[in-house]
Amino acid sequence: MKKALPYLLFFALACNTLLPTPAPTLTPPASPAAPSPTRIFAPTWTPLPGSPSPAPTGLRPEHITFHPGPELYAGDIVSLQITRPGAEPEWEEARVKVFAGEAIEPLAEDRFGRFGIGGRAQATFWWVWDTAGLVGEQSVTVVVESESGERLDSLTVPVTLLPAELRPQPERDARWAQAESACCIFHYLTGTAAARDIALITAQADEAFERVEERLGVERERRITFTLLSRLLGQGGFAAGEISLTYIDRNPAGVDLETVLVHEGTHLLDRQIARERPTLLTEGLAVFIAGGHYKPEDLDRRAAALLVLDRYIPLADLARDFYPQQHEIGYLQAGALVKYLVDKYGWEKFKAMYAGFESAPDEAAMLEAGLKAHYGKTLAEVEAEWLAHLRALPVDEDEVEDLRLTVTLFEALRRYQQRYDPAAYYLTAWLPDGREARKRGIVADFIRSPRAPENVALEAMLAAGQEALRRRDFAQTEQLVNAVNATLDSNGLFFDPLAARYLRAVKDLAAQGYEVQTLDLLTTQPRATAIRTWPTLETIILTDN
């Protein structure tokens, strides 16, 4: 569905208003004033009066995170993360208790442990506070005690529970639903993009799993379970006992659906080949089978472009500690290495090595042992051969620029997530157990995310950057990522002219009841896709008036 809206363009869109035809347009002033900068505010909490002043290594409000977020509503079943503030021995072994209001008995008790693939030290409380019957200002107290019972610290923070009826759509009416296909069982939320497009998703999943089975030489032992996320977590996909996959219209990661389905499907089916294997090869195999990381790619030329950019990571370092390395580079190198081994020595030899790994002091040692046993070469020898192969390839300048901007764009996305949507940051992403959530009817953790106009504008710019990069319009990609980074550099102030234009367009469409999903202001015919009645997606042409 397409609509035309008048669109008055000034420097930084200072005074324009988007109004659906036939509503009258506003007359701009003769000389548009500079826009007042708008800031995104990260959530903060202030200790209640009487709370102890935190010591430098003690609890502070930023150590306490509530889920789902950023807002909490009456009736939410709330989880908490308490990040360990110090590395002192007594803190490492400490007990953490959480209290609601004036209650004497704690909601729950836990110890600090490691969380997420980043291994952050925190105490994690899953769905411990049922806020049914509560609304308005509440408080939560966190108490940390040593093994002997000595209180190390405590902190009380205020929590605002908004009225339940203020939950935005589509969350307010969302319920779990299920669809099945030849390969898979899909759990999704009603009223969302995933519900609208479930037939497309199931068909592509069937094709993807046929491809994975054929390439790996295995057959599924059972149907694969998917939880379709209606908010972005990480780059969009996680595989554990089931696959958690983001499916949304405004996707700043811009990942190709077929590619991510094959990637995550490989993670589940390769367990029929091996249980013990280095992460570098686990992720590398998924990239290789998918034919790219986020989209179809020439892995050889792309890895050669990495050398031109001087961003190569030594394989021993990458194997020893894979996930903390630069994400796009690590996955690219892993996929290109697997391709090299398969191309040069054959799939059967690689599969035999993949199936034959044994425990080792670290994953670099594990990889070294596998290469020696099956290829008769050390990791250093294989790396030298592979690098010689890459250096012999002709330099593809477009591939070099595409790779540079891919890294830059995803680094900007992760900067945004760390600052304004920390639950989405991939190393510590908040990903609850889907089966338990469905059993309890919990939906908020899988759909709620920051939706202020400033968040929407930044996400729309990132999504537009991904689309420009897909078209290999490098100039537009650079312009958009620079605008995002300028806003992040200025602490959420929309001083950048392009960023201000995006924010103004988002706000003007919101005033008409639309939530922007995509927004392209750099073409000769600016346009948006937006939703007014979930999950119907409308295309809106923005015309000069």
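**Burial of Ala290 and the arrangement of two open sheets**

Ala290 has a relative accessibility of 4% and therefore counts as buried, the limit for this class being under 20%. The model is a predicted one. Ala290 lies in helix H5, which covers residues 279-290. Beyond the neighbours within four places in sequence, Ala290 makes contact with Arg211, Thr259, Val262 and His263. The C-alpha atoms of Ala290 and Leu261 are separated by 8.3 Å in space, with the two positions 29 residues apart in sequence numbering.

Two open sheets were examined. One consists of 4 strands, ordered E2-E4-E8-E7 and paired antiparallel. Its edges are formed by strand E2 (64-67) and strand E7 (113-115); each has a single partner strand, so one side of each is left without a neighbour in the sheet. On average, neighbouring strands of this sheet are turned by 40° against each other, direction ignored. The edge strand E7 is joined to strand E8 (residues 120-130) by 3 bridges, and the two run antiparallel. Within this pairing, Phe115 has Arg120 of E8 as its bridge partner.

The other open sheet has 5 strands in the order E3-E10-E9-E5-E6, and its pairing is mixed. Here strand E3 (72-73) and strand E6 (108-111) occupy the edges; because each has a single partner strand, one side of each lacks a neighbour in the sheet. E6 pairs with strand E5 (residues 95-100) in the antiparallel sense, over 4 bridges. Val96 is found opposite Asp110 of E6.

Notes. Residues numbered from 1 in each chain as written. Predicted model: local features only at pLDDT ≥ 70, side-chain atom pairs only at ≥ 80, totals over all residues. Heavy atoms only, no water. Buried < 20%, exposed > 50% of the residue type's maximum accessible area, 1.4 Å probe, protein only. Contact = heavy atoms within 4.5 Å. Pairing = 2+ DSSP bridges. Axes fitted to C-alpha atoms, helices over the stretch in contact; angles between N-to-C directions.
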